[in-house]
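Please find below a colleague's note on the model under review. The points are numbered for ease of reply.

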Amino acid sequence: MQQELKSEITKQLIINKAFSLFYEHGFKTTSIDKIMKETTLSKGAFYHHYKSKKELGLEVISLKVEKRVVNGMILPLKESGNAYQILQEVFVNRLKDFSIYDKQHGCPMNNLINEIGNNEVAYQKALKNIIEQWKTALVQLIERGKVENSIKKDISSKATAMYLISSFEGIRGIRKLYDTDVVIEEYISGLSFYLQQMKV
């Protein structure tokens with residue numbers, strides 16, 4: 001039992017360090033050696049848990065990146081209350097709440113999509129799964145808004161969901177280029193205007 005616990009702690013340490021390094025320096029430039037140096041564990045400890053960097057990458061996506069998007073952007077969409085207000089609060093407040101560190105480094109998921117989303121089917125599938133979960137939750141919320149009469153019935157739920165996701169991810173990437181939140185404030189102003197057009 002003690003050995004199992006130690007093994008799990010080791011695995012979590014590798015995953016956490018890998019996520020941080022992928023986020024700060026990129027996936028491709030982060031080697032197994034670099035990850036293990038950060039953990040102060042031996043390379044043997046890595047191969048005890050993983051066959052390859054690819055296997056670790058997929059676990060980082062499912063255990064760290066996906067969890068982050070689910071907790072921050074998907075679960076809040078499923079809460080009870082006025083659908084339009086939830087939509088507004090989730091997208092606007094989430095942007096305002098990001099730390100300076102997060103603003104400087106962008107979205108971990110979007111970074112991975114841009115860096116490795118086109119060169120490995122397994123990565124594509126894992127990242128696409130997160131987007132599809134997010135899209136589904138948004139479509140369900142918009143449809144709920146139509147029923148409760150807080151969102152116009154002629155709005156295309158799927159098109160709106162995809163627009164909101166892509167614009168949100170886009171501004172996260174663009175913010176990395178700036179030293180201030182001016183672009184985020186401009187985006188929020190435009191987003192608020194867009195959302196206003198949906199309101200009944």
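The points that follow move from the overall fold to individual charged residues.

1. Overall architecture. The model is predicted. The chain contains 10 helices and 0 strands, and from the N terminus its elements run α-α-α-α-α-α-α-α-α-α. The C-alpha trace spans about 60 × 40 × 30 Å along its principal axes.

2. Burial and surface. Of the 200 residues in the chain, 44% are buried. The exposed area comes to about 11000 Å², with carbon and sulfur atoms supplying 53% of it. Among contacts with a separation of 6 or more, 70% are between residues 24 or more positions apart.

3. Annotated domain. An unreviewed UniProt entry carries the annotation "domain: HTH tetR-type" for residues 8-68. In the model, residues 8-68 are 80% helix and 0% strand, and the C-alpha atoms at the two ends are 20 Å apart.

4. Charge. The chain has 29 positive and 23 negative side chains, and the centres of these two sets lie 3 Å apart. Side chains of opposite charge can pair when their charged atoms come close. The structure holds 7 salt bridges, and some of them are taken up in the next points.

5. Salt bridges of helix H4. Glu-59 and Lys-11 meet through their side chains in a salt bridge, at 3.3 Å from N to O. Glu-59 belongs to helix H4 (residues 53-74) and Lys-11 to helix H1 (residues 2-25), so that this pair links parts of the chain 48 residues apart. Lys-11 is partly exposed, at a relative accessible area of 22%. Lys-54 forms a salt bridge with Glu-120, with the closest N and O atoms 3.1 Å apart. Lys-54 is in helix H4, while Glu-120 is in the loop between helix H7 (108-116) and H8; the two are 66 residues apart. Both count as partly exposed, Lys-54 at 34% relative accessibility and Glu-120 at 26%.

6. The network around Lys-103. Asp-181 forms a salt bridge with Lys-103, the closest N and O atoms being 2.6 Å apart. Because Asp-181 lies in the loop between helix H9 (157-175) and helix H10 (182-196) and Lys-103 in helix H6 (residues 100-105), the pair ties together parts that are 78 residues apart in sequence. Asp-181 is partly exposed at 23% relative accessibility, whereas Lys-103 is buried at 8%. Lys-103, Arg-175 and Asp-181 are joined into one network by salt bridges that share partners.

7. A further lysine. Is Lys-146 buried or exposed? Lys-146, found in helix H8 (residues 121-148), counts as buried because its relative accessibility is 11%, below the 20% cut-off. Beyond its neighbours within four places in sequence, Lys-146 contacts Ile-151, Lys-152, Lys-153, Ile-155 and Ser-157.

Definitions and conventions. Residues numbered from 1 in each chain as written. Heavy atoms only, no water. Helix = DSSP H or I, 4+ residues; strand = E, 2+ residues; numbered from the N terminus. Buried < 20%, exposed > 50% of the residue type's maximum accessible area, 1.4 Å probe, protein only. Contact = heavy atoms within 4.5 Å. UniProt positions renumbered as here; feature names shortened; annotations may be inferred. Areas by Shrake-Rupley, 256 points an atom, 1.4 Å probe, with all protein chains shown as cover. Lys, Arg positive; Asp, Glu negative; His and termini not counted. Charge placed at Lys NZ, Arg CZ, Asp CG, Glu CD. Salt bridge = Lys/Arg side-chain N within 4 Å of Asp/Glu carboxyl O.
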